[in-house]
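Welcome, and please open the model in your viewer with the sequence panel beside it. We will go from one selection to the next and look at what is there.

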Amino acid sequence: MAISALRRRLDTSPSQPFFTHYEEQARIELSAVTFANWVDKTANMLEDLIVDPGDVVQLDLARSHPGHWVTMVWMAACWQRGCTVALDEHPDAALVVTGPEAVSYGRMTVACSLHPLGVGFPTPPAGCVDYAEVLSQPDDHVAEPFELDAVAVAPDITFQNLREVPPRADRLLVTDPAPGWASVRELLVAPLLGGGSTVVVVGLDAETADRIRQQERIDRG
């Protein structure tokens, strides 16, 4: 499964780039070990917020910012906690995770500033927990046990389905990825299973994207 694949990667190539994100003037590169560190902290935050294994997390970030590295961290952290991720509105969600355009849903909500350095909001959005609080969380989290037929991505993508995603070993560039499971599968799950890496370019023109492709030494995408 994706989380166990991430742990194996920490044993084989922890310092190699795993996920790189370009937006405006910012370039953020996460190695496997850095990505796993964020996942552990976020899974611990879920536990502190009393989001239990089997609960649903409504990840609005996956709709508003489908290619952002914070979105991918939340996806992996939810799975590590044994939770189901809802990419669309879900009436039974125990937690909602939003971006900087945060609104309170009348339910527990975590707002992510998406600042390149992980800095929080000057003033947290009303009714929301600032994701920057994750920085105080421990760096280690043991993955929760789960059933393979449990739902990983609502409504019907199971943890077994994550295992069956075709692995990707290459370095792929994706520009302005669309919301939905297909992007999660290609940007996150496939390279975790296959040892590949992903470069996401958001909101930049074709010429800039091509220059990034050359700088990153990418042949595909």
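Is C112 buried or exposed? Select C112 and show the surface: its relative accessibility is 1%, so it counts as buried. Keep in mind throughout that this is a predicted model.

**The whole chain**

Zoom out and colour by secondary structure. You should find seven helices and eleven strands. The radius of gyration is 16 Å, close to the 17 Å that the globule rule gives for 221 residues, so the chain is as compact as a globular protein of that length. Along the principal axes, the C-alpha atoms fill a box of roughly 45 × 40 × 30 Å. Buried residues account for 52% of the 221 residues. If you draw a contact map, look away from the diagonal: among contacts between residues at least 6 apart in sequence, 67% join residues at least 24 apart.

**The cysteines**

Now return to C112 and show the sulfur atoms. C112 is in no disulfide, and its nearest cysteine sulfur, that of C128, is 9.8 Å away. Next, select C78 and C83. How far is the sulfur of C78 from the closest cysteine sulfur? The distance to the sulfur in C83 is 5.6 Å, which is too far for a bond, because a disulfide needs the two sulfur atoms within 2.5 Å. C78 has 0% relative accessibility and so counts as buried. Across the structure, the number of disulfides is zero.

**The nonpolar cores**

Select F35, W74, W79 and Y131 as sticks. Within the largest nonpolar core, which has 57 residues, these four touch the most other members. Helix α4 (residues 69-80) gives the most to this core, contributing ten residues. In soluble globular proteins, nonpolar side chains tend to be buried together.

Centre the view on W74 and list what surrounds it. Leaving out residues up to four places away in sequence, W74 touches T42, L46, L59, L61, L95, V97, V110, C112 and Y131. So the C112 of our opening stop turns up again among the contacts of W74. Apart from the largest core lies another one, of seven residues, including Y22, V199, V201 and A209.

**Strand β3 and its partners**

Select residues 56-59, which form strand β3. V56 and Q58 point one way while V57 and L59 point the other way, and all of them are buried. With strand β4 (residues 84-86), β3 pairs in the parallel sense over three bridges; here V57 stands opposite V85. With strand β5 (residues 95-98), β3 also pairs in the parallel sense over three bridges, and Q58 stands opposite V96.

**The four-stranded open sheet**

Which strands make up the open sheet of four? Show β2, β1, β11 and β10, in that order, and note that the pairing is mixed. The edge strands, each pairing on one side only, are β2 (26-31) and β10 (171-175). From one strand to the next, the twist averages 10 degrees.

Focus on β1 (residues 17-23): six bridges join this strand to β2, and the two run antiparallel. P17 has S31 in β2 as its bridge partner. Then add helix α2 (residues 32-48), which lies across β1 and β2 and runs at about 90 degrees to β2.

Stay in this region and pick E216, in the segment after α7 (206-215). Is E216 buried or exposed? With a relative accessible area of 10%, E216 is buried. Not counting residues up to four places away in sequence, E216 touches T20, Y22, R27, R171 and V199.

**Backbone stops**

Most residues other than glycine have a negative phi, and most peptide bonds are trans. Three places here are worth a look.

- E24, in the loop between β1 and β2, has a positive phi near 55 degrees. E24 is exposed, with a relative accessible area of 67%.
- D176, in the loop between β10 and α6 (181-194), has a positive phi of about 45 degrees. D176 is partly exposed, at 46% relative accessible area.
- P155, in the loop between β8 (151-153) and β9 (157-158), follows a cis peptide bond from A154, with omega near 5 degrees.

Conventions:
Residues are numbered from 1 along each chain as its sequence is written. This is a predicted model: local features need pLDDT of at least 70, side-chain atom pairs count only at pLDDT 80 or more; totals for chains, interfaces and linings use all residues. Side-chain values use heavy atoms; hydrogens and water are left out. Two strands pair if DSSP finds at least two bridges between them. Axes are lines fitted to C-alpha atoms, for helices over the stretch in contact, and angles run from 0 to 180 degrees between N-to-C directions. Contact means heavy atoms within 4.5 Å. Buried means under 20% relative accessible area, exposed over 50%, partly exposed in between (1.4 Å probe, protein chains only). A nonpolar core is a set of buried Ala, Val, Leu, Ile, Met, Phe, Trp, Tyr and Cys residues joined through side-chain atoms within 4.5 Å. The radius of gyration is taken over C-alpha atoms; the globule rule is 2.2 Å times the number of residues to the power 0.38.
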